[in-house]
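Welcome, and please open your viewer. Have the selection tool ready, and we will walk through the fold one stop at a time.

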Amino acid sequence: MPASVDRERLAALLARETAESAARNPRSQAAYQRAEHLFGRVPMTWMNKSAGAFPLYLDGARGARVSDIDGHEYVDFCLGDTGAMAGHSPEVVAEAVEQRYRAKGGATAMLPTEDAEWVGAELTRRFGLPRWSFSLTATDANRWAIRLARAVTGRQKILVNSYSYHGSVDESLIVVGPDGNGATRPGNVGAPCDVTLTSRVAEFNDLEGLERELAYGDVAAVLMEPALTNIGIVLPEPGYLDGVRELTRRHGTLLINDETHTFSAGPGGATGFYGLSPDILTIGKAIGGGIPAGGYGLSAELADRLLGRSDLDLVDMGGVGGTLAGNALSVAAMRATLEHVLTDEAFARMCALSERFEAGVAAGIAKHDLPWSVSRLGARSEYRFANPAPRNGTESAASADAELEDFLHLFMSNRGILMTPFHNMALMCPATTEADVDTHTELFAQALDELAG
Ligand code: PMP
């Protein structure tokens with residue numbers, strides 16, 4: 001907990017902002033109170049993770065702007081926690097969706113469209129892996145990648161980094177416990193079995209710890225983000241990612257890069273940015289421009305090994321795939337998004353904006369000499385209540401401060417800026433402007449001034 005924040009002042013400021021949020025959002029509050037037929041009053045239970053007493057209700061969204069049903073407009077740095085990294089409803093994606101759904105017709109017909117090969121080729125150009133298959137979510141891409149890795153290696157376990165997040169994938173809900181051994185992640189609801197039966201865990205940036213776990217010889221795949229993004233941004237130290245690749249190869253373990261969030265690093269994600277060569281790459285969220293879409297890419301060697309195994313049922317009851325996966329609508333949306341919106345040029349602009357955002361936050365932190373840090377991965381920046389920046393997930397988890405986070409989120413949303421719930425994260429989209437970033441910088445400085453008293 002940051003010593004230099006006065007807890008009494010913080011509690012008072014949080015109460016003030018919570019009251020202000022309730023006063024300015026009567027329609028959202030009423031809609032929430034009426035929602036008796038929803039489990040937890042929300043369409044998905046995590047929507048209760050809002051800084052105020054109720055979630056803001058979406059009215060509409062376009063580009064980097066969101067409006068709520070009380071008539072407020074926001075600069076959206078949340079961007080659906082990456083699902084809207086292309087900006088909300090970009091015109092070309094809207095046209096492609098309209099064309100597929102209305103003009104031609106046929107969202108889901110159990111038949112391929114020619115767009116799919118275009119998308120596969122483009123993902124190959126960006127990420128290097130040459131054989132692609134689609135899903136609707138990143139979670140499913142990870143689930144199916146894990147199954148394929150188990151099948152091809154004949155090994156049972158998956159290794160993830162402590163406090164990483166890969167969706168609601170059973171095998172990934174493991175952390176390094178206080179005694180240094182793997183333990184279920186706090187909050188793992190209804191686990192099918194003790195997670196240490198299916199999984200191993202290491203700390204990010206710790207090659208020795210990784211090697212110790214791989215030496216058991218039972219790890220089918222390491223599933224990792226090249227930089228952690230779900231417990232703040234934890235960047236890889238020099239040599240770490242090369243070391244992971246070398247160790248996984250040496251121990252006969254496949255390497256899966258989950259690029260769902262690290263896609264922010266550039267057009268080819270962190271894999272392209274750092275020049276990595278995983279065996280499998282998974283992705284979801286942003287690539288469909290807001291239409292559900294995800295996928296996984298395989299190395300040619302791995303794809304050939306899998307297809308050569310006549311004992312593996314990849315066509316019928318194999319436990320890999322979904323009826324709507326690769327449907328014509330999401331494939332059309334992926335094509336439009338990759339071809340026209342999240343282009344190489346757009347990434348250059350988004351990364352420059354993120355640098356500007358990072359500099360603004362760093363200046364605020366420096367002015368008040370706070371023990372906080374800010375990290376950036378391409379178009380994505382996040383500040384954390386720790387300095388120096390945490391080196392791994394466990395350190396980063398220890399620096400969480402829910403009250404402080406809620407205050408900052410509410411201070412922003414009451415003044416027209418949306419940050420990402422669960423994070424102090426800001427993502428740039430092609431429609432974000434320098435003025436948007438500067439508005440955040442000014443408000444962040446004001447919030448810190450108020451905290452300082
Ligand atoms: N992988 C990573 C790295 C993620 O951050 C997330 C979600 N935050 C997922 C996978 C799962 O995505 P989804 O919930 O859309 O399936």
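Here is a short tour of a predicted model, from the sheet to the helices and then the ligand.

**Stop 1: the sheet.** Begin by selecting the strands β4, β12, β11, β10, β9, β5 and β8. In that order, these seven strands make up an open sheet with mixed pairing. Now colour the two edges, β4 (131-135) and β8 (199-202), each of which pairs on one side only. As you look along the sheet, the twist from one strand to the next averages 20°.

**Stop 2: an edge strand.** Zoom in on β4. Is this edge strand enclosed or open to its surroundings? Four of its five residues are buried, so β4 is largely enclosed by the rest of the structure. Add β12 to the selection: five bridges link it to β4, and the two run antiparallel. To find one pair, pick W132 and look across to G297 in β12, its bridge partner.

**Stop 3: a parallel pair.** Next, select β5 (residues 157-161) together with β9 (residues 219-224). These strands run parallel and are joined by three bridges. Click on I158, and you will find A221 of β9 opposite.

**Stop 4: the helix on the sheet.** Show α5 (residues 138-153), which packs on the sheet. The strands α5 touches are β4, β5, β9, β10 (254-258), β11 (280-283) and β12 (294-298). Compare the direction of α5 with that of β11: the angle is about 160°.

**Stop 5: around the ligand.** Keep α5 on screen and bring up the ligand. Which element gives the most residues to the shell around the ligand? That is α5, with three. Display all 15 residues around the ligand and label T137, A138, T139, G167 and T260, which come nearest. Colouring the shell by residue type should give you nine polar, four charged and two nonpolar residues.

**Stop 6: a helix with a buried face.** Finish at α7 (residues 240-250). Select its buried residues, L241, V244, L247 and T248. Turn the view to look down the axis of α7: the buried residues fall within an arc of 125°, so they line one face of the helix. To see what covers these residues, show α6 (207-214), β9, β10 and α8 (269-274), which are among the covering elements. Lastly, move past the end of α7 to G252, where phi is positive, near 65°.

Notes: Residues are numbered from 1 along each chain as its sequence is written. This is a predicted model: local features need pLDDT of at least 70, side-chain atom pairs count only at pLDDT 80 or more; totals for chains, interfaces and linings use all residues. Two strands pair if DSSP finds at least two bridges between them. Axes are lines fitted to C-alpha atoms, for helices over the stretch in contact, and angles run from 0 to 180 degrees between N-to-C directions. Two residues are in contact if their C-beta atoms, placed from the backbone, lie within 7 Å. A residue is near a molecule or strand if its C-beta atom, placed from the backbone, lies within 6 Å of it. Ala, Val, Leu, Ile, Met, Phe, Trp, Tyr, Cys and Pro count as nonpolar, Asp, Glu, Lys and Arg as charged, and the others, Gly among them, as polar. A residue is buried if 20 or more other C-beta atoms lie within 10 Å of its own, exposed if 12 or fewer, and partly exposed in between; C-beta atoms are placed from the backbone. The arc is that of the directions from the helix axis to the C-beta atoms.
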